[in-house]
Amino acid sequence: MPAGSGWPGDPATADTPVAKTAAQVRRRAAAVTEIDELDALVSVCRACPRLVAWREEVAVVKRKSFADQPYWGRPATGFGSQRPRIFIVGLAPAAQGANRTGRVFTGDRSGDFLFAALHRTGLANQAQSLDAADGLRLIDTRMAAAVRCAPPANAPTPDERSTCAPWLDAEWRLVGPHVRVIVALGGFAWRAALEMAGAAVRPAPKFGHGATATITTPFGQVTLLGCFHPSQQNTFTGRLTPAMLDDIFVTAIRLGNEPAGS
């Protein structure tokens, strides 16, 4: 979907600069000063050739059940409050989810499971997330993926993760002063969150469902809270249940409301 062509919520225009190399990503991410500007830059990034080719192939070939729908086929930006107390970090967009709908965790089973829990715990205004124009809002919460393009087999390479990391770092720089709790969906996101927050914790805290770590960031102490990823592999097998996910967000709300430094 070309930038500025009318997709709901598209933050970019035809004139938004396009990062085509890792060096350009680093330079533009370091210079950005507003979330809206960051989202625009992220949404047109083309710095990882393998990911660009894959996301655009999926958007053209399409899954049979979505054959009559347009696909976003671009990187997925962060979504939610610009002054969040809770920051949710995931792995990467799903090929038939955010890569189709244009909004992170939207339009796939993982998103269905996740947003239902956010709604039950008061962090979203509705339980369903169908497309970028469905009216969904997050409350005191923001979410973003560590890697912004859908990767083949849900597995970005180390180089792709490294190339994309400055976008997450920039997002943290802009929202971090407001964040009290980071919820990491899976071990990949746990590691990305530690690096994003600049946490000098040795030994590095181990990921687990419900695991917590108090980390010192440039903005003060923040709690990192681990959660199994709401993938079908976890939700269909009962490794992650609705009650378990609700408990994570209830805990995040409680920790986010505690006085700083408590």
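1. Asn234 sits in helix 8, which covers residues 232-235. The model is a predicted one, and in it Asn234 counts as buried because its relative accessible area is 8%, under the 20% limit. Once neighbours within four places in sequence are set aside, the contacts of Asn234 are Phe228, His229, Arg239 and Leu240.

2. The sheet comes next. Six strands make up an open sheet, and their order across it is 1-3-2-4-6-5. The pairing in this sheet is mixed. Strand 1 (79-80) and strand 5 are the edge strands, each pairing on one side only. The following points go through the sheet from the strand 1 edge to the strand 5 edge.

3. Strand 1 and strand 3 run antiparallel and are joined by two bridges. One pairing to look at is that of Gly80, whose bridge partner in strand 3 is Arg142. Strand 3 also pairs with strand 2: five bridges join the two, and they run parallel. Here Ile86 has Thr141 of strand 3 as its bridge partner.

4. How many of the residues of strand 3 (residues 141-145) are buried? Five of the five are, so strand 3 is largely enclosed by the rest of the structure. In a regular strand, side chains alternate between the two faces of the sheet. In strand 3 both faces are covered. Thr141, Met143 and Ala145 are buried on one side, and Arg142 and Ala144 are buried on the other. Arg142, the partner of Gly80, is thus named among the buried residues, as is Thr141, the partner of Ile86.

5. Strand 2 (residues 86-90) is joined to strand 4 by four bridges, and the two run parallel. Val89 stands opposite Ala184 of strand 4. Strand 4 (residues 181-185) in turn pairs with strand 6 in the parallel sense, over five bridges. In that pairing Val181 stands opposite Thr223 of strand 6.

6. Strand 6 (residues 220-227) is mostly covered, with six of its eight residues buried. Besides the parallel pairing with strand 4, strand 6 has an antiparallel one with strand 5 (residues 212-217), made through six bridges. Strand 5 leads into strand 6 by a hairpin of two residues. Thr217 has Gly220 in strand 6 as its bridge partner.

7. Aromatic contacts are the next topic. The structure holds five aromatic pairs. One of them joins Trp190 and Phe207, with ring centres 5.7 Å apart and planes at 70 degrees, so the pair is edge-to-face. Trp190 belongs to helix 7 (residues 187-196) and Phe207 to the loop between helix 7 and strand 5, so the pair ties together parts that are 17 residues apart in sequence.

8. Is each partner of this pair buried or partly exposed? Trp190 counts as buried because its relative accessibility is 2%. Phe207 counts as partly exposed because its relative accessibility is 29%. Elsewhere, Phe87, Trp172 and Phe219 form one aromatic cluster.

9. The structure has one cavity of 30 Å³ or more. The space in the largest cavity comes to about 90 Å³. Its lining is made by 16 residues, and those nearest the centre are Cys45, Cys48, Cys149, Cys164 and Trp167. At least two lining residues come from each of helix 3 (49-61) and helix 6 (158-175). By class, the lining of the largest cavity has 12 nonpolar residues, one polar and three charged.

10. The largest pocket holds about 560 Å³ of space. It is lined by 24 residues, of which Ala94, Ala95, Asp108, Ser110 and Asn154 are the closest to its centre. Which classes make up the lining of the largest pocket? The residues divide into 13 nonpolar, eight polar and three charged.

Technical notes. Residues numbered from 1 in each chain as written. Predicted model: local features only at pLDDT ≥ 70, side-chain atom pairs only at ≥ 80, totals over all residues. Heavy atoms only, no water. Buried < 20%, exposed > 50% of the residue type's maximum accessible area, 1.4 Å probe, protein only. Contact = heavy atoms within 4.5 Å. 1 Å grid on protein atoms, 1.4 Å probe; cavity = no way out; pocket = protein on both sides within 12 Å on 5 of 7 lines; lining within 4 Å. Points joined across faces, edges and corners; volume = space filled by probe spheres on them. Nonpolar A, V, L, I, M, F, W, Y, C, P; charged D, E, K, R; others polar. Pairing = 2+ DSSP bridges. Phe/Tyr/Trp six-rings, centres within 6.5 Å; stacked < 30°, edge-to-face > 60°.
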